[in-house]
Amino acid sequence: WVLIELLCTDDQFRGRGVGKLLLVAALAYSAVKDGKTAAVLTLGRGDENLAAAELYRRLGFQPMPEELFVEPEDDGHGRWVDPRHVLVLWDIRQSLRSLTLQEVSGAAKGTVVPQLEDDKEELQRMDSSHCVEVA
(Lines give C-alpha, C1' and ligand atoms only; values in the text may rest on other atoms or scores of the structure.)
Protein backbone atom coordinates (compact mmCIF):
# COMPACT_ATOMS: atom_id res chain seq x y z
CA TRP A 1 0.00 0.00 0.00
CA VAL A 2 0.95 3.56 -0.53
CA LEU A 3 -0.73 6.00 1.83
CA ILE A 4 -1.36 9.45 0.41
CA GLU A 5 -1.54 11.64 3.47
CA LEU A 6 -1.90 15.11 1.96
CA LEU A 7 -2.49 16.35 -1.56
CA CYS A 8 -3.69 19.87 -2.16
CA THR A 9 -3.22 22.78 -4.52
CA ASP A 10 -3.29 26.49 -3.88
CA ASP A 11 -6.63 28.13 -4.70
CA GLN A 12 -5.16 30.01 -7.66
CA PHE A 13 -4.09 26.72 -9.32
CA ARG A 14 -7.26 24.71 -8.75
CA GLY A 15 -9.13 23.51 -11.81
CA ARG A 16 -6.01 23.45 -13.98
CA GLY A 17 -5.09 19.79 -13.66
CA VAL A 18 -2.27 20.34 -11.15
CA GLY A 19 -3.82 18.08 -8.50
CA LYS A 20 -4.33 15.32 -11.05
CA LEU A 21 -0.74 15.67 -12.24
CA LEU A 22 0.56 15.47 -8.65
CA LEU A 23 -1.58 12.45 -7.82
CA VAL A 24 -0.69 10.57 -11.01
CA ALA A 25 3.01 11.31 -10.44
CA ALA A 26 2.82 10.05 -6.84
CA LEU A 27 0.99 6.89 -7.90
CA ALA A 28 3.39 6.22 -10.78
CA TYR A 29 6.43 6.77 -8.58
CA SER A 30 5.12 4.46 -5.85
CA ALA A 31 4.27 1.74 -8.37
CA VAL A 32 7.49 1.90 -10.38
CA LYS A 33 10.06 2.85 -7.75
CA ASP A 34 8.63 1.10 -4.68
CA GLY A 35 6.56 -1.69 -6.26
CA LYS A 36 3.34 -0.60 -4.55
CA THR A 37 0.16 -2.08 -5.99
CA ALA A 38 -2.60 -0.22 -4.12
CA ALA A 39 -3.18 3.24 -2.67
CA VAL A 40 -5.29 4.57 0.20
CA LEU A 41 -6.28 8.12 1.00
CA THR A 42 -8.76 10.00 3.12
CA LEU A 43 -10.95 12.62 1.49
CA GLY A 44 -10.13 15.84 3.32
CA ARG A 45 -13.16 17.96 4.26
CA GLY A 46 -15.34 14.94 3.52
CA ASP A 47 -18.61 15.41 1.68
CA GLU A 48 -17.98 19.09 0.89
CA ASN A 49 -14.85 18.35 -1.17
CA LEU A 50 -16.65 17.44 -4.39
CA ALA A 51 -13.84 18.34 -6.82
CA ALA A 52 -11.34 16.07 -5.07
CA ALA A 53 -13.88 13.26 -4.75
CA GLU A 54 -14.54 13.44 -8.50
CA LEU A 55 -10.81 13.44 -9.31
CA TYR A 56 -10.23 10.35 -7.16
CA ARG A 57 -13.27 8.60 -8.68
CA ARG A 58 -12.03 9.29 -12.24
CA LEU A 59 -8.67 7.76 -11.35
CA GLY A 60 -10.35 4.61 -10.04
CA PHE A 61 -10.49 5.19 -6.27
CA GLN A 62 -13.44 3.51 -4.55
CA PRO A 63 -14.84 3.67 -1.03
CA MET A 64 -13.07 1.26 1.30
CA PRO A 65 -15.37 -1.68 2.11
CA GLU A 66 -17.08 -0.98 5.42
CA GLU A 67 -16.36 -4.47 6.74
CA LEU A 68 -12.70 -3.46 7.00
CA PHE A 69 -13.52 -0.90 9.70
CA VAL A 70 -14.16 -1.40 13.37
CA GLU A 71 -16.28 0.81 15.58
CA PRO A 72 -14.14 3.71 16.83
CA GLU A 73 -13.17 3.78 20.46
CA ASP A 74 -13.70 7.04 22.29
CA ASP A 75 -10.25 8.53 22.77
CA GLY A 76 -11.66 11.52 24.61
CA HIS A 77 -10.89 13.85 21.68
CA GLY A 78 -13.61 12.77 19.28
CA ARG A 79 -11.12 11.93 16.53
CA TRP A 80 -12.14 9.33 14.01
CA VAL A 81 -12.40 8.99 10.25
CA ASP A 82 -15.74 8.53 8.56
CA PRO A 83 -15.39 5.29 6.56
CA ARG A 84 -17.20 6.95 3.63
CA HIS A 85 -14.20 9.26 3.22
CA VAL A 86 -11.52 6.55 3.08
CA LEU A 87 -10.85 5.66 -0.54
CA VAL A 88 -8.79 2.86 -2.01
CA LEU A 89 -7.28 2.24 -5.43
CA TRP A 90 -6.82 -1.52 -5.65
CA ASP A 91 -4.61 -1.65 -8.76
CA ILE A 92 -2.39 1.39 -9.37
CA ARG A 93 -0.90 0.15 -12.63
CA GLN A 94 -4.26 -0.68 -14.19
CA SER A 95 -5.61 2.73 -13.25
CA LEU A 96 -2.60 4.53 -14.73
CA ARG A 97 -2.75 2.46 -17.94
CA SER A 98 -6.28 3.71 -18.55
CA LEU A 99 -5.11 7.34 -18.77
CA THR A 100 -3.87 9.10 -21.88
CA LEU A 101 -1.01 11.58 -21.79
CA GLN A 102 -3.42 14.35 -22.78
CA GLU A 103 -5.62 13.58 -19.76
CA VAL A 104 -2.68 13.86 -17.39
CA SER A 105 -0.67 16.72 -18.85
CA GLY A 106 -3.02 19.54 -17.82
CA ALA A 107 -2.39 21.28 -21.16
CA ALA A 108 -6.11 21.42 -21.93
CA LYS A 109 -6.52 23.60 -18.83
CA GLY A 110 -3.45 25.78 -19.43
CA THR A 111 -0.94 23.95 -17.23
CA VAL A 112 2.47 23.64 -18.87
CA VAL A 113 4.82 20.79 -17.99
CA PRO A 114 7.88 20.96 -20.28
CA GLN A 115 8.60 17.22 -20.04
CA LEU A 116 5.14 16.50 -21.47
CA GLU A 117 5.05 19.17 -24.17
CA ASP A 118 6.97 17.55 -27.03
CA ASP A 119 5.12 15.18 -29.33
CA LYS A 120 7.90 12.62 -29.05
CA GLU A 121 7.14 8.97 -28.80
CA GLU A 122 9.43 8.71 -25.78
CA LEU A 123 8.48 10.39 -22.55
CA GLN A 124 11.34 12.02 -20.70
CA ARG A 125 11.44 12.00 -16.95
CA MET A 126 13.29 14.70 -15.01
CA ASP A 127 14.21 14.22 -11.38
CA SER A 128 14.87 16.88 -8.76
CA SER A 129 18.51 17.20 -9.81
CA HIS A 130 17.33 17.89 -13.40
CA CYS A 131 18.68 14.60 -14.70
CA VAL A 132 16.66 13.38 -17.65
CA GLU A 133 15.90 9.74 -18.23
CA VAL A 134 13.79 8.23 -20.98
CA ALA A 135 10.79 6.33 -19.60
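Is Gly15 buried or exposed? In this predicted model, Gly15 is exposed, with a relative accessible area of 60%; the value lies over the 50% above which a residue counts as exposed. The residue is placed in the loop between β1 and α1. Its C-alpha atom lies 8.6 Å from that of Ala51, although the two residues are 36 positions apart in sequence. The surroundings of this loop are described below, beginning with the overall arrangement of the chain.

The protein contains five helices and six strands. Read from the N terminus, these elements follow the order β-α-β-α-β-β-α-α-α-β-β. Of its 135 residues, 29% count as buried. Among contacts between residues at least 6 apart in sequence, 68% join residues that are at least 24 apart.

Four of the strands form an open sheet with the order β1-β2-β4-β3, and the pairing within this sheet is mixed. The edges are occupied by β1 (2-4) and β3 (62-63), each of which pairs on one side only. At one edge, β1 is joined to strand β2 (residues 39-42) in the parallel sense, over three bridges. Within this pair, Leu3 stands opposite Val40 of β2. On the other side of β2, the pairing with β4 is antiparallel and extends over four bridges. Ala39 has Leu89 of β4 as its bridge partner. The remaining pairing, between β3 and β4, is likewise antiparallel and comprises two bridges. Here Pro63 has Leu87 of β4 as its bridge partner.

Strand β4 (residues 86-89) thus takes part in pairings with both β2 and β3. Its side chains alternate in direction: Val86 and Val88 point one way from the strand, whereas Leu87 and Leu89 point the other way. All four of these residues are buried. Leu89, the bridge partner of Ala39, is also among the residues touched by Ser95. Ser95 itself belongs to helix α3 (residues 92-97). With a relative accessible area of 8%, Ser95 is buried, the limit for this class being 20%. When residues up to four places away in sequence are not counted, Ser95 touches Leu59 and Gly60 in addition to Leu89.

A helix-to-helix contact was examined next. The axes of helix α1 (residues 18-32) and helix α2 (residues 50-58) come within 11 Å of each other and cross at roughly 45 degrees. The two helices are therefore oblique to one another, as this angle falls outside the ranges that count as roughly parallel, roughly perpendicular or roughly antiparallel. The crossing of α1 past α2 is right-handed. On the side of α1, the contact is made by Gly19, Lys20 and Leu23, and on the side of α2 by Leu55, Tyr56 and Arg58. Classified by residue type, this contact has three nonpolar, one polar and two charged residues.

Taken together, the two residues considered individually differ in exposure. Gly15, in the loop between β1 and α1, is exposed at 60% relative accessible area, whereas Ser95, in helix α3, is buried at 8%.

Methods. Residues are numbered from 1 along each chain as its sequence is written. This is a predicted model: local features need pLDDT of at least 70, side-chain atom pairs count only at pLDDT 80 or more; totals for chains, interfaces and linings use all residues. Side-chain values use heavy atoms; hydrogens and water are left out. Two strands pair if DSSP finds at least two bridges between them. Axes are lines fitted to C-alpha atoms, for helices over the stretch in contact, and angles run from 0 to 180 degrees between N-to-C directions. Angles under 35 degrees count as roughly parallel, over 145 as roughly antiparallel, 65 to 115 as roughly perpendicular and the rest as oblique. A crossing is left-handed if the near helix is turned anticlockwise from the far one by less than a right angle, and right-handed if clockwise. Contact means heavy atoms within 4.5 Å. Ala, Val, Leu, Ile, Met, Phe, Trp, Tyr, Cys and Pro count as nonpolar, Asp, Glu, Lys and Arg as charged, and the others, Gly among them, as polar. Buried means under 20% relative accessible area, exposed over 50%, partly exposed in between (1.4 Å probe, protein chains only).
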